[in-house]
Amino acid sequence: MNIQYSVILAFMGQMKDRFATYHEPRGLAEKLALTATIEGAQGVEAVYPSDFQGMTPGTFKQLLNENGLTVSSVNVNVKSEPKFHQGALTSRDPGIRAEAVQYLKVGMDWAADLGVNLITVCPLSDGHDYPFEIDYGQAWRWLVECLSEAAAYRPQVRVSVEYKQSEPRARVIVPNAGVVLHLCDQIGLDNVGVTVDLGHALYASETPAQMLSLAADANRLFLVHINDNYRNWDWDLMPGTVNYWDWLESLLMLDEIGYDGWLVSDIFPARTDPVETLSACYRSIQYAETLLDRFGRDKLREMIRQRDVIRVFDRLQRLMLGNERS
């Protein structure tokens, strides 16, 4: 697989959770300069609006060129600001919904100006916290209408919807891959697809490789975020540190479906050095790819077709111990 490695730019500055603040705040120029020191980093997933304030396409491109980077995608944030806390794309207020759509459109303009033609959006403020809180049907129709309007605005720019089960909403309106694929079908536009975050798939009790396969089969796999967790929360840990077999299988699947997009590190390096952490993330891709090569990808796929799971794990573990015998 041709590895294109990118990092979410927000994680190169100051980060916060519910209890603490981590690292120092940094401006765009500082974050890009720091990203350039990450092993394997070729691109950044820039967040709109925070990473674009005071910028023009020309100045943004100049900063990218100075650091040997490109933009892999524009991440449109329609969740953090107070006006979106009661919903953005599904707000009861048509003015708020219009603002959220405008955010998507401006993000699409930036993506086109920067030559990436891809935005991703995770509508985490859209959903509910309690039973009897929202009209599910109406909220869904608003979501379809808003995303349809945005996607039709610039058909050459892809709109990738990232799903997640919860946070900050107790129940997000797009909690799993199946719901987003249904959303894509209802919108019916070719430039609407799915961002599969491996950690979100784990958290939703999905099999990440299967979700990648389903999204690709529907021609809707636009972007992949890589991370790991304990399946109980979106901890954004380094990939393969907890669920290694899922990580390895996901990379095998990406190779099988011919994925040629970006692998975006969605890691929250709160208590570790960001550069060291995201460099280690890149190496984890290389290590897993090397293990698959040593196993023999065609051999592994044939064993999978035969459902020869005992021999698969026997050989994998021998290879990890340095025993190369067949």
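**View 1. The neighbours of Arg 220.** Leaving aside residues up to four places away in sequence, Arg 220 touches Leu 181, Cys 184, Leu 189, Asp 190, Val 192, Gly 193, Val 194 and Ala 215. Keep in mind that this is a predicted model.

**View 2. Where Arg 220 sits along the chain.** Look for Arg 220 in the loop that runs between α7 (208-217) and β11 (221-226). Ala 215, one of the residues Arg 220 touches, falls in the α7 range, 208-217.

**View 3. Arg 220 and its missing partner.** Arg 220 is buried, yet it has no salt bridge. Asp 185 is the nearest side chain of opposite charge, and it sits 4.5 Å away. A salt bridge here calls for a side-chain nitrogen within 4 Å of a carboxyl oxygen, so the Arg 220 and Asp 185 pair, at 4.5 Å, doesn't count as one.

**View 4. Pulling back to the whole fold.** The protein chain carries 11 helices and 12 strands. Its C-alpha trace spans about 65 × 45 × 40 Å along the principal axes. For 326 residues, a compact globule would come out with a radius of gyration near 20 Å, and the chain's 20 Å agrees with that. Take contacts between residues at least 6 apart in sequence: 75% of them join residues at least 24 apart.

**View 5. Inside, outside and charge.** Buried residues account for 53% of the 326 in the chain. About 14900 Å² is exposed, with carbon and sulfur atoms supplying 49% of that. As for charge, there are 30 positive and 43 negative side chains, and the centres of the two sets are 3 Å apart.

Technical notes: Residues numbered from 1 in each chain as written. Predicted model: local features only at pLDDT ≥ 70, side-chain atom pairs only at ≥ 80, totals over all residues. Heavy atoms only, no water. Helix = DSSP H or I, 4+ residues; strand = E, 2+ residues; numbered from the N terminus. Buried < 20%, exposed > 50% of the residue type's maximum accessible area, 1.4 Å probe, protein only. Lys, Arg positive; Asp, Glu negative; His and termini not counted. Contact = heavy atoms within 4.5 Å. Rg over C-alpha atoms; globule rule 2.2 N^0.38 Å. Areas by Shrake-Rupley, 256 points an atom, 1.4 Å probe, with all protein chains shown as cover. Charge placed at Lys NZ, Arg CZ, Asp CG, Glu CD.
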